[in-house]
Amino acid sequence: MEQVDVGLWGVLIAILGGAIRVSTPFIFVSLGELLTERSGRFNLGLEGTLVFGAMSGYAVAYETNSAFVGVLAAAAAGACFGLLHGWICKFKGVNDIAVGIAMMLLGMGLAFFFGKPYIQPQAPDLPAISLGWWSDIPQLRAALEVNVLFIVGGLLALAIAWMLRTTRMGLRLRVVGDSTDAARAMGLSPDRIRLLATGAGGALAGVGGAYLSLYYPGSWTEGISSGQGLMAIALVIFARWNPINCFWAALLFGGAGALGPALQSVGITEGYYLFGAAPYALTLGLLILTSAPDRAVQGAPLALTLTK
Amino acid sequence: MTLVAQAEKPAATAARSFIGIAPRAEAVVIPICALLAGFALFSIFLLMVGKSPVTFYQLVWKAGFSSAFSWQNTLSRVAPLVLAALCVALPARLGLVVIGGEGAIVLGGLAAAVAGTAVAGMPAAFGMATMAIAAMIVGGVWIGAVGALRIKRGVNETIASLLMAYIAIALLNHFVEGPFRDPASLNKPSTVPLTESLRVGDMPFLPSHWGILAGVLACLFAWVLIERTTLGFAARIAGDNVRAAQVQGLPVGRLVIGFTALGGAFAGLAGYFEVAAVHGSANASLIAGYGYTGILIAFLARHNPLAILPVAVLFGGFEASSGLIQRRMELPDATILVFEGIVFLVILLSEALYGRVPIFTAAYWEKR
């Protein structure tokens, strides 16, 4: 394809394309964390789940030669991690934040342990859909190569919003998340609902990881995630526990992550590492702006330890 | 009848004497049992991947604790691990889970190296003190900011500290590859190497550099601060119940900022010793993961500064044996990470046992 000179627009187009590409794992992990947090629990271990999902997805895709089987395997592995987290947190006196830290270590440890043989071979990629057919500008076309999982993530955000608002399941999740006692009074089992919500959250984080290794950057390495899982957790707070907001916030974070490479592509290489830190700084900045002293953050599930 | 009563008396007093000891014994016995359970679970993991747990623990003994050389390897890791664990334990006594000590280590090391080039020609004692203080100030400000954000803005300290660790690593990479790069460091961008007079040497009679003494002193200081001063008493009240502390008029905000800053200063000091005693300049080797192992050590020690020392020696030994285990057992380097993850989970799970095991309760011994 012939490059068309688009000047500084190139940076914006690159950021747009980068936002779409980079945001997908954010969408999945943040939706997973949202489900868990709406049930009143906090899973800090999704960073580890993301990395293990990336490894298991890649390994299974390589062995079966099917990227979609890989995604399913990553979801199953993520669900196992989530269920383990949910089971441990069931016991009285166990701190869910500390368990999350341990799960993060364990998830990364297991991923690196079993992932060694899969660093070299090439697994099949997930397919992308071209949404840029209407444009003549090749850069824009390249930017609008949208992966299936991005679209699935968007639909999932809508589905979860609908589920929380209108279904019996969503109501139960919200009751458990707001008051353990009220849920018990209604005859619900808070532990079981939280276990399932944490398991579902883990499965989504696993899919987010599979996207990393099977599409962008598209191979399994030990440095595949640099805190995306963690940023996605912060993103849920910024999105005020609303699935639709999660989607937009994920796009914003993706754009921030794409800033460094986009500037590099037009020849600005000064301060490469500092631009690399932009997503973390943005996350921290947004956390500072959206948190407030002496009162629970608006929209936070009341039973969540995070805001106590 | 009187004879029977007399005969029963000594037994009853013996049982009574356990009333005071039992809850204290709980704090020792449960972590040790949990640690052993973690070892057992990891052994099962090794068996499942077709490796021998016996060989594993033999190699840990051999590489971590069996000779002067292996002790040197272990102790060189103990200093940063102890200081990193204090960075978790001090805020934890106030109820804060700060896990970004790695950031303070990295930036403390960078600050020490930069200060080291600035004081190169001056007397060694002054230069060393300047470097250590620079590292402690940078580390203290970095983690103290986490405490300040928590108090002033209600920002979750766990997420904030970990995000700041990523930012710290980016800053280190930026500075050692940009403004502070030694043009002579080709393959591995580093700051200018320290002059020989500013390097920290080995201690007499111990196969380790002076950092270990700093670690021991830091633990003692932290223990006295928490257990024997009014400040520590206030901090423990605030850690148990923030509202009660506020009602009592305790300066919770200043306590939180002070304890997080002190923890950060200790982590920064770990960075200083890594630069001045181990690497000789600041470079990517500072990102060694001590901050993360420190979290595990602090939790295993139940945030008790004195317990941190033996636990750090144990895990220093495990990490020192990593290389030998990789070569002899053909296991990946992540083996230690899996081990630590499993032990950590079991330790946390054991928290559910406190107050639940009958023989550790005073009530059990009162009935006797």
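Here is a short back-and-forth about how some labels for this predicted model are justified.

Reader: Why is chain A called as compact as a globular protein of its length?

Author: Start with the make-up: chain A has 13 helices and 2 strands. Its radius of gyration is 19 Å, close to the 19 Å that the globule rule gives for 308 residues, so the label "as compact as a globular protein of that length" fits. Along the principal axes, the C-alpha atoms of chain A fill a box of roughly 65 × 45 × 35 Å.

Reader: What share of chain A is buried, and what makes a residue count as such?

Author: Of the 308 residues in chain A, 56% are buried. To earn that word, a residue needs 20 or more other C-beta atoms within 10 Å of its own. As for contacts in chain A with a separation of 6 or more, 77% of them join residues 24 or more positions apart.

Reader: How do you know that chain B touches chain A?

Author: Contact here is C-beta atoms within 7 Å, and by that test 38 residues of chain B are in contact with 41 residues of chain A. On chain B's side, the elements giving two or more residues are α5 (124–153), α6 (157–177), α11 (290–300) and α14 (335–350). α6(B) gives the most, with 12 residues.

Reader: What kinds of residue make up that side of chain B?

Author: Sorted by type, they come to 26 nonpolar, 7 polar and 5 charged.

Reader: What makes α11(B) "mostly covered"?

Author: The count does: 11 of its 11 residues are buried. Among them are Tyr290(B), Tyr292(B), Ile295(B), Phe299(B) and Leu300(B). After α11(B) comes Arg302(B), with a positive phi near 50 degrees.

Reader: How do you know that α4(B) and α5(B) pack against each other, and at what angle?

Author: Helix α4 (residues 101–118) of chain B packs with α5(B) at an angle of about 145 degrees, and their axes are 8 Å apart. The crossing of α4(B) past α5(B) is right-handed. From α4(B), the residues making the contact include Gly103(B), Ala104(B), Leu107(B), Gly108(B) and Ala111(B). From α5(B), they include Gly127(B), Met131(B), Ala135(B), Val138(B) and Trp142(B).

Reader: How many residues of that contact are nonpolar, polar or charged?

Author: The contact of α4(B) with α5(B) divides into 13 nonpolar, 7 polar and no charged residues. If the glycines make you wonder, Gly counts as polar in this sorting.

How values were computed
Residues are numbered from 1 along each chain as its sequence is written. Chains are lettered from A and ligands numbered from 1 in the order in which they are written. This is a predicted model: local features need pLDDT of at least 70, side-chain atom pairs count only at pLDDT 80 or more; totals for chains, interfaces and linings use all residues. Helices (H or I, at least four residues) and strands (E, at least two) are DSSP runs, numbered from the N terminus. The radius of gyration is taken over C-alpha atoms; the globule rule is 2.2 Å times the number of residues to the power 0.38. A residue is buried if 20 or more other C-beta atoms lie within 10 Å of its own, exposed if 12 or fewer, and partly exposed in between; C-beta atoms are placed from the backbone. Two residues are in contact if their C-beta atoms, placed from the backbone, lie within 7 Å. Axes are lines fitted to C-alpha atoms, for helices over the stretch in contact, and angles run from 0 to 180 degrees between N-to-C directions. A crossing is left-handed if the near helix is turned anticlockwise from the far one by less than a right angle, and right-handed if clockwise.
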